[in-house]
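Here is a short, friendly tour of one protein model. We will start with its cysteines and then visit a pocket.

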Amino acid sequence: VQLQASGGGLVQAGGSLRLSCTASGSIRRINVLGWYRQAPGKERELVASITKFGSTNYADSVKGRFTISRDNAKNTVYLQMNSLRPEDTCVYYCAAQGVISSSLSGADYWGQGTLVTVSS
């Protein structure tokens, strides 16, 4: 499985960005897709995940601002990020998991990171 992420960039606080991640290869192995993020010097944090059936989970810090969605026909997961804050500045990583679960608990596959920078 290969994951190709895109959509990062520079945005002012209060603005929006949408990240995309397209899976290719043995996509039937994927049950859960999601996004992690990591700021310099900090641990990687699970931001949001979505199962193949559409169940979603969010970190408390992004609830109400971020929306994860999935287009199974395009093998793509999206992360719509609204009301962005400077503390959302991180490298965002797309991840996929083969184990059936309500959330990402241990990613099997990783995409390359995409940098999101939110200026104040």
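## The disulfide

Cys 94 is buried, at a relative accessible area of 0%; buried means under 20% relative accessible area, with a 1.4 Å probe and protein chains only. Its partner Cys 21 also counts as buried, at 1% relative accessibility. The two form a disulfide, with their sulfur atoms 2.0 Å apart; a disulfide here is a pair of cysteine sulfur atoms within 2.5 Å. This pair links distant parts of the chain, 73 residues apart: Cys 21 sits in strand β3 (residues 17-24) and Cys 94 in strand β9 (residues 90-97). Strands are DSSP runs (E, at least two residues), numbered from the N terminus.

The link of Cys 21 and Cys 94 is left-handed, with -85° about the S-S bond. What about Cys 90? Its sulfur is 16 Å from the closest cysteine sulfur, in Cys 94, so that is too far for a bond.

## The largest pocket

The largest pocket holds about 150 Å³ of space. On a 1 Å grid over the protein atoms alone, a pocket is an open set of points where a 1.4 Å probe fits, with protein on both sides within 12 Å along at least five of seven lines; lining residues have an atom within 4 Å of a point. The volume is the space filled by probe spheres set on the points, which are joined across faces, edges and corners.

Among the lining residues are Ala 23, Ile 27, Arg 28 and Asp 71.

## About the model

This is a predicted model: local features need pLDDT of at least 70 and side-chain atom pairs pLDDT 80 or more, while totals for chains, interfaces and linings use all residues. Residues are numbered from 1 along each chain as its sequence is written, and side-chain values use heavy atoms, leaving out hydrogens and water.

Notes:
Helices (H or I, at least four residues) and strands (E, at least two) are DSSP runs, numbered from the N terminus. Buried means under 20% relative accessible area, exposed over 50%, partly exposed in between (1.4 Å probe, protein chains only).
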